[in-house]
Amino acid sequence: MDPRVHVFGIRHHGPGSAGSLVQVLDGLDPAMVLIEGPPEASEIMPLAAAPGMRPPVAILTFPAKSPEDAHFHPFAEYSPEWQAILWAVRNEKPARFIDEPITKKEVPDKPSDGGPVEGDGEDEEDGDAAQEAHDDEEETLEPILHDPLSHLALAAGHSDGESWWGSLIEEHVHAPGVFEAIEAAMTALREASDEEDARPSAAIEREARREAHMRLGIRKALKEVEGAVAVVCGAWHVPALRARVSVTADRQTIRGTRAIKASSCWVPWTDTRLATASGYSAGVVSPAWYRHLWSQFGAASDRTGAVAAWQARAARLLRDEGLGASTASVIEATRLAVTLAAVREMPVPGLAEMRDASRSALCHGEEAALQLIEQRLVVGERVGEVDENAPQPPLLADLTRQQKKLRLKPEALGREMALDLRSKAGLAKSVLLHRLLLLDVPWGTLMDAQAGRGTFREVWHLEWKPELSVGLAEAVVHGPTIDQAAAGAALAKGAAESDCGVLAELVRKCLLADLAVAARANIAHLQAAAVGSASVFGLAKAVSPLVDILRYGTARDMPAEELRHLVLSLLNDICAGLRYACHGLDEPTALEARGDLAALDRAVGLLQDEAMDDQWPVTLCGLVEDGQAAPILRGFATRLLYDRSDFDAEETGLVLSRALSAAVPTAEAGNWFEGFINEAGEILLVDDNLFVIVDEWLVRQEEETFIEMLPLLRRAFGRFDPAASKRILDRVRRGAASGASVLVDDPRAAAAFARAVPLLKTILGVGPDE
């Protein structure tokens with residue numbers, strides 16, 4: 001290798017590596033800095049030094065034609081690559097990324113040299129975006145490649161590679177010689193890895209391509225500058241970049257792939273996504289702890305002060321959460337951490353010593369309090385910020401503006417937020433969150449199931465995830481601003497949809513997002529779909545969300561007359577075809593239809609239309625009397641008519657007796673009864689008439705018929721809530737309100753009842769000991 005090239009192997013997101021690297025660069029003063037990273041983003045590297053950049057941040061690279069194949073490249077302020085960029089900007093030296101660009105495999109018709117070409121005869125790998133989500137991760141199935149730090153730690157007599165490397169390298173700033181030591185260690189590891197298993201794999205092939213691109217990038221830099229060239233890369237790659245490999249061999253390695261056009265921008269990242277626990281294999285266990293270390297490296301040589309500062313922050317955190325943590329406890333925790341380091345022959349306290357000291361002196365052994373410290377001060381909860389002048393995808397830039405305007409700060413840790421829709425600010429926040437949902441960017445999840453139903457209150461769970469930026473990049477095809485894109489997405493979804501239930505839900509979402517034009521367009525789509533729909537229950541699924549909007553409102557402007565006309569039109573079509581739609585249904589379909597029927601009955605009650613209030617009971621009566629309709633639906637319709645007081649107790653009893661007579665097949669009778677009962681445990685307890693109807697029918701059964709129906713009864717009653725089942729059993733024991741079949745003051749009846757209790761418990765799903 002050219003003596004002008006200086007390769008520095010680092011640990012991604014390592015503060016000790018970063019501090020040592022800055023010292024080396026200051027002494028070397030290279031003419032150019034090359035960094036392992038996405039070459040598509042070299043032009044935006046200088047923005048890292050912009051005043052509004054606040055790590056953690058990431059470079060997002062995404063192909064213009066397929067944003068879903070986006071790659072993230074995260075940086076913390078203590079990431080060596082980040083510090084290398086800042087050094088280059090500060091010293092006005094050129095810098096660029098030299099890793100493999102986003103590529104696509106190509107398979108030519110004929111290999112030009114008669115030999116195999118990469119990818120020839122192989123299918124392109126699926127899931128490249130998921131596998132390459134973090135471009136600096138080590139992707140391999142080989143043991144040493146998968147976790148080289150653990151192998152080094154084992155060689156040094158330690159079991160935990162992360163903590164060993166952290167205490168040895170990342171918790172201190174070292175002399176320049178540390179990079180030579182790291183290179184020697186990695187060279188030995190790579191030699192052992194080659195001997196361990198030389199079988200080719202997709203991960204090894206990709207790594208070879210990456211290193212070939214880096215070597216080509218180094219050669220190009222040497223032609224452009226006269227002075228030294230500094231190369232900053234993951235320590236694992238150093239031996240490969242030092243190796244003597246010809247230009248021809250490197251070009252052959254990357255042959256069969258081509259770079260595809262991609263865009264890059266800076267986006268916010270989070271502490272939680274930098275953590276290993278997030279699944280990021282190049283992450284670190286303790287992002288917030290490493291930030292603390294980085295902030296202390298340039299302060300003073302008195303590390304005891306750094307220990308005290310961190311323990312003081314831990315105490316302040318506990319006090320903010322209502323837990324006791326005195327100044328004396330902070331002093332004791334500091335002393336204990338320093339003492340533990342001395343006992344363990346550590347030069348300064350590391351994370352393990354700090355954790356043990358906090359647990360003992362601040363948390364008094366309470367794991368819950370220690371978990372709070374772990375979450376806030378070890379892992380961290382910071383969400384980074386990008387300078388407002390940095391170019392961003394249009395939707396991400398618009399969202400950033402609206403977040404600042406509404407004071408709606410993105411946070412990595414989930415939190416609940418209650419909005420009062422009567423206030424302008426609360427309504428604006430709600431509209432923004434609903435529009436993002438239309439764009440499939442779920443920053444917020446609506447927690448309150450009744451939200452939007454006239455309560456003028458919504459409860460949201462907010463949690464910002466960096467990958468939501470990708471969703472915004474994808475959604476830009478619908479428009480350059482959040483409101484335009486949400487409207488465009490809603491229009492596109494409506495135009496492609498024919499299911500009435502889905503279209504009705506889309507109309508509701510448009511109204512909640514205050515997109516009146518899109519709502520009207522989708523109302524028209526829904527009307528057209530309803531005309532052509534052959535499914536009555538498909539129409540039924542559309543009614544409930546529309547009636548909810550009409551009945552409860554949305555705190556937004558809405559086309560109420562158009563909606564009401566559409567709902568009544570749908571209900572008239574449903575009433576005309578309901579009984580016929582219930583013919584010939586299998587059991588799973590009938591059970592689903594029962595839910596639709598329940599929603600329809602509720603919707604009619606909420607609509608409060610006089611004509612429909614008259615028409616709906618007639619429709620249900622037709623269903624009850626239609627012998628070809630599914631039994632479970634006939635039974636449920638009977639129950640609805642009873643609940644609506646259209647059937648009195650006597651009429652209900654007659655219908656039940658006919659439906660469950662001996663002439664009716666047992667299976668059909670059981671299904672009818674299941675539909676009639678419909679998980680009505682609580683209602684049986686408070687409705688004496690309904691209790692008596694069911695009780696008297698059961699008592700009238702002949703023994704043979706009763707035994708034959710036991711499985712069906714068990715299924716019907718077994719759906720009750722366990723508490724309701726026990727209360728029903730108690731009521732039977734006491735006797736019904738009228739027409740009692742068991743009277744506990746009759747000794748003979750009491751004895752008979754005692755013999756029947758085990759069977760009753762089985763039917764009701766009550767345990768034998770309850």
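**Strand pairing, sheet by sheet**

Student: Let's start with strand E10. Which strand do 6 bridges join to E10, and is the run parallel or antiparallel?

Tutor: That's strand E12, residues 457-462, and the two run antiparallel. Keep in mind that this is a predicted model.

Student: Where does Met 417 land in E12?

Tutor: Met 417 has Trp 460 as its bridge partner there.

Student: What's the strand order in that open sheet?

Tutor: The order is E10-E12-E11, so three strands by the usual definition of pairing, with antiparallel pairing. The edges are E10, at 415-420, and E11, at 444-446, each of which pairs on one side only. From one strand to the next, the twist averages 35 degrees.

Student: OK, switching to strand E2. Which way do its side chains point?

Tutor: They split. Met 32 and Leu 34 point one way from E2, which covers residues 32-35, while Val 33 and Ile 35 point the other way.

Student: And are those four buried or exposed?

Tutor: All are buried, on both sides of the strand.

Student: What does E2 pair with? Start with the strand at residues 229-234.

Tutor: That one is E7: 4 bridges join it to E2, and the two run parallel. Within that pairing, Ile 35 stands opposite Val 232.

Student: How many bridges join E2 to E5?

Tutor: There are 3, and again the strands run parallel, with E5 spanning residues 95-97. Here Val 33 of E2 has Ala 95 as its bridge partner.

Student: What holds strands of a sheet together in general?

Tutor: Backbone hydrogen bonds, with the strands either parallel or antiparallel.

Key
Residues numbered from 1 in each chain as written. Predicted model: local features only at pLDDT ≥ 70, side-chain atom pairs only at ≥ 80, totals over all residues. Heavy atoms only, no water. Buried < 20%, exposed > 50% of the residue type's maximum accessible area, 1.4 Å probe, protein only. Axes fitted to C-alpha atoms, helices over the stretch in contact; angles between N-to-C directions.
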